[in-house]
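Subject: Structure for your review

Dear colleague,

Please find the structure below, followed by an account of what was found in it. I would be grateful if you could read the two side by side.

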Amino acid sequence: MDNSEYERRIAARFATFDQDRNGYIDREDFSRAAKAVLAAFGTAARSARGQALYSGAEAFWQGMAGIADRDGDQRITREEFVTGAVKRLRDNPERFGEIARPFLHAALAVAGADSDGGVTVGDVTRLLAALDLPDHVAAEVATALDTDRDGRVGEADIVPAFARYFTVPE
Ligand code: CA
Ligand code: CA
């Protein structure tokens, strides 16, 4: 991969986290993501699933800040993201899985709440679209996550997939 391709991918990952597009990643982006997921599935913030999602979002933010917010101003700039998060997560993808897992676990619980026996590809498509992925990309990613083609996506698929996506190879 040449340098400009690498830069483009980093920019896309940063944009995914910077949900309100104000140029830095902070706690607000994570609570906004939680709120968008709850709205997409009609789940109340005060419900057990809603509370779990907000706790997961806070843990995800704390984990990311611990890795990347070098000056401790509670914001992750693009530069901090590139020099901190991307490099450290690439060296240690399991760490990304750990910090993202409570959020992803809670998001899957919200997304799968109304379907029997697991989270469908359609649920995951709606989940990713709620996180602002374009609809066709969301559908493509959700389909790819269903590796055994049984129409369902499990936590065991989604956590490593997220880790792979965010630990951009150089
Ligand atoms: Ca932001
Ligand atoms: Ca900072």
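A residue is called exposed when its relative accessible area is over 50%, buried when that value is under 20%, and partly exposed in between. Alanine 48, with a relative accessibility of 67%, is therefore exposed. Please note that the model is a predicted one.

Alanine 48 belongs to helix H3, which covers residues 48–68. From arginine 9, alanine 48 is separated by 39 residues in sequence and by 35 Å in space, taken between C-alpha atoms.

Calcium ion (ligand 1)

The donors to the calcium ion (ligand 1) are Asp18 (OD), Asp20 (OD), Asn22 (OD1), Tyr24 (O) and, twice, Asp29 (OD), at 2.2 to 2.5 Å. Along the chain, the spacing of these donor residues reads D-x1-D-x1-N-x1-Y-x4-D. The angles among the six donor atoms run from 52 to 156 degrees, and the site is classed as irregular. Two of the donor residues may be described by their accessibility. Asparagine 22 has a relative accessible area of 34% and is therefore partly exposed, whereas aspartate 29, at 1%, is buried.

Calcium ion (ligand 2)

The calcium ion (ligand 2) is coordinated by Asp69 (OD), Asp71 (OD), Asp73 (OD), Arg75 (O) and, twice, Glu80 (OE), at 2.2 to 2.5 Å. Here the donor residues follow the spacing D-x1-D-x1-D-x1-R-x4-E. This site is irregular as well, with angles of 54 to 154 degrees among its six donor atoms. For six octahedral donors, the ideal angles would be 90 or 180 degrees. Aspartate 69 is buried, since its relative accessible area is 9%; aspartate 73, at 38%, is partly exposed.

Packing of H1 and H4

Helix H1 (residues 3–17) packs against helix H4 (residues 78–91) at an angle of about 100 degrees, and the two axes lie 11 Å apart. The two helices are therefore roughly perpendicular to each other. On the H1 side, the contact is made by Tyr6, Glu7, Ile10, Ala11, Arg13, Phe14 and Phe17; on the H4 side, by Arg78, Phe81, Val82, Val86 and Arg90. Sorted by class, this contact comprises eight nonpolar and four charged residues, with no polar ones.

Yours sincerely

Key:
Residues numbered from 1 in each chain as written. Chains lettered and ligands numbered in written order. Predicted model: local features only at pLDDT ≥ 70, side-chain atom pairs only at ≥ 80, totals over all residues. Heavy atoms only, no water. Donors = N, O, S within 2.8 Å, 3.2 Å for Na, K, Ca; no water. Tetrahedral: all angles 85-135°; square planar, octahedral: opposite > 155°, others 65-115°. Buried < 20%, exposed > 50% of the residue type's maximum accessible area, 1.4 Å probe, protein only. Axes fitted to C-alpha atoms, helices over the stretch in contact; angles between N-to-C directions. Helix = DSSP H or I, 4+ residues; strand = E, 2+ residues; numbered from the N terminus. Parallel < 35°, antiparallel > 145°, perpendicular 65-115°, else oblique. Contact = heavy atoms within 4.5 Å. Nonpolar A, V, L, I, M, F, W, Y, C, P; charged D, E, K, R; others polar.
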